[in-house]
Amino acid sequence: MYILHVSAVTNWGGGENHIENLCFELKESHPEIKNTILCARNTPFHERLKKSDLNFITAPLKIKIDPRFFLKIGAFCKKEKVDLIHIHEPSALFACILADKLYNLPPFVFSKKTSFPIKQRKKTLYKYNYSKIKKILCVSEETKRVAEKAIANHNKLITIYHGTNLKTKSIETPFLLREKYEIPSDKKVIGSIANHIKAKHLDTWIDVVDTIINKEKKTDYIFVQIGTFSERTEALLDRVKALNLEKHMIFLGYTPNASNFLPQFDISLITSQSEGIPQFIYESMYHKVPVISTNVGGIPEAIEHDINGLLAPVYDSKTLTDHIITLSKDPQLQEEFIQKSYEKLMKNFTTSAMAKQTLEVYKTILDDA
């Protein structure tokens, strides 16, 4: 079996982490299966793959639809006799469809990793219902439910949670947050790992800080945000300055192995407006950091309110603030949440389970071919 994994993103995020974990797990558990990753050249994902022992190839992607990228897909599949193409995001799906028109490619598997609704436009519906797509792997039950509105054949939809890789965990960091930023021991570190994209809605994160610092007048907190900057970053930083919050917030930007910093957080805070299930939640569960989050996408499938974490309605900075204050004052509740989360993670959300389930999908498709 030869699988080509295709991603056309130009940054590094949870979706790319999923590809890496999947290929690592398959390489270890089924070395007879070939896996090659195609990514955009000279991107953070490319740089990361260079340091791994995973098979990968690259192609230029200077414009959204770069012929050099989709021609590489077709040429590689023909040369290497690829059996199945696993497509990991929408831009890669479009590229594979274009390549299929020229090369008659093998079957597709598509991973839907967000709970964004599929737009009800003719071209978009054509893309997601393309005949070569044999299965659509949804990152959560909520993602599957949302996808059903646009996918004609619901039998193609299956939920496989991504989970976290237990074999690659580390707490090594180039510095300690409290030492580098001179954070007093009596201050709670509230952390976020999220790229500066629309789905993460970091404006809500800033609203929470504003409420705690400026309105509640509670200065025994410091807020640390890790994630790749984008065209949205300048506006976010301008808001921080306008609200006089610069002494209370730290923006690290893109940070390799960001999850290694998690044990240095007291609470993980997620303010997303749309999600599948973010890797940040799985990593927090593993590193035993309690989670407070907006109740969106598949998040409540991992974090149940008042059972192993605290949830709030989307954009509700006041409730998120109340949760932070309540949880930070209750060590017993923190311990209860982290223990239940860790147990749930080990039972349901590991990459070894994800790889096993994904491989079964591959086999089913090829057996039916």
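This report describes the overall build, the main nonpolar core and a few individual residues of a predicted protein model.

**Overall build**

The protein contains 14 helices and 13 strands. Its C-alpha trace extends over about 65 × 40 × 40 Å along the principal axes. The radius of gyration is 21 Å, and a compact globule of 369 residues would have a value near 21 Å, so the two agree. Of the 369 residues, 55% count as buried. Among contacts with a sequence separation of 6 or more, 69% join residues 24 or more positions apart.

The accessible surface amounts to about 16,700 Å², and carbon and sulfur atoms hold 51% of that area. Charged side chains number 51 positive and 43 negative, with 8 Å between the centres of the two sets.

**The largest nonpolar core**

In soluble globular proteins, nonpolar side chains tend to be buried together. The largest nonpolar core in this model has 36 residues. Val6, Phe69, Ile73, Ile85 and Phe108 are the members with the most contacts inside this core. At least two core residues come from each of the following: strand 1 (2-6), strand 2 (34-40), strand 3 (55-59), helix 3 (67-80), strand 4 (84-87), helix 4 (90-103), strand 5 (108-112) and strand 6 (133-138). Helix 4 makes the biggest contribution, with six residues.

Phe108 belongs to the group with the most contacts inside the core. Leaving out residues up to four places away in sequence, Phe108 touches Leu84, Ile85 and Ile87, then Leu93, Cys96, Ile97 and Asp100, and also Tyr130, Lys132, Ile133, Lys134 and Lys135. The list of partners thus includes charged residues such as Asp100 and Lys132 alongside nonpolar ones such as Ile85 and Leu93.

**Accessibility of selected residues**

The table gives the relative accessible area of six residues together with the class assigned to each.

| Residue | Relative accessible area | Class |
|---|---|---|
| Leu22 | 0% | buried |
| Thr204 | 1% | buried |
| Val9 | 18% | buried |
| His201 | 21% | partly exposed |
| Ala75 | 36% | partly exposed |
| Asn104 | 54% | exposed |

Val9 and His201 fall on either side of a class boundary: buried means under 20% relative accessible area, so Val9 at 18% is buried, and His201 at 21% is therefore partly exposed. Asn104 at 54% is exposed because that class begins over 50%.

**Buried residues and their partners**

Leu22 is found in helix 1. Not counting residues up to four places away in sequence, Leu22 touches His5, His86, His88, Met354, Ala355, Thr358 and Tyr362. One of these partners, Met354, is 332 residues from Leu22 along the chain, yet their C-alpha atoms are separated by 7.5 Å.

Val9 sits in the loop between strand 1 and helix 1 (14-29). Apart from neighbours within four places in sequence, Val9 is in contact with Glu16, Ala40, Thr43 and Glu89. The C-alpha atoms of Val9 and His88 are 9.4 Å apart, with their positions 79 residues apart in sequence. His88 also appears among the residues touched by Leu22.

Thr204 lies in helix 8. Beyond its neighbours within four places in sequence, the contacts of Thr204 are Thr271, Tyr315, Ser317 and Leu320.

**Positive phi angles and a distant pair**

Which residue in the loop between helix 4 and strand 5 has a positive phi although it is not a glycine? Asn104 is placed in that loop, and its phi is about 50°.

His201 is another residue other than glycine with a positive phi, near 40°. The place of His201 is in the loop between strand 8 (188-193) and helix 8 (202-215).

Ala75 lies in helix 3, a helix that supplies at least two residues to the largest nonpolar core. Ala75 and Ala147 are 72 residues apart in sequence, and 31 Å separates their C-alpha atoms in space.

Definitions and conventions
Residues numbered from 1 in each chain as written. Predicted model: local features only at pLDDT ≥ 70, side-chain atom pairs only at ≥ 80, totals over all residues. Heavy atoms only, no water. Helix = DSSP H or I, 4+ residues; strand = E, 2+ residues; numbered from the N terminus. Rg over C-alpha atoms; globule rule 2.2 N^0.38 Å. Buried < 20%, exposed > 50% of the residue type's maximum accessible area, 1.4 Å probe, protein only. Contact = heavy atoms within 4.5 Å. Areas by Shrake-Rupley, 256 points an atom, 1.4 Å probe, with all protein chains shown as cover. Charge placed at Lys NZ, Arg CZ, Asp CG, Glu CD. Core = buried A, V, L, I, M, F, W, Y, C linked by side-chain atoms within 4.5 Å.
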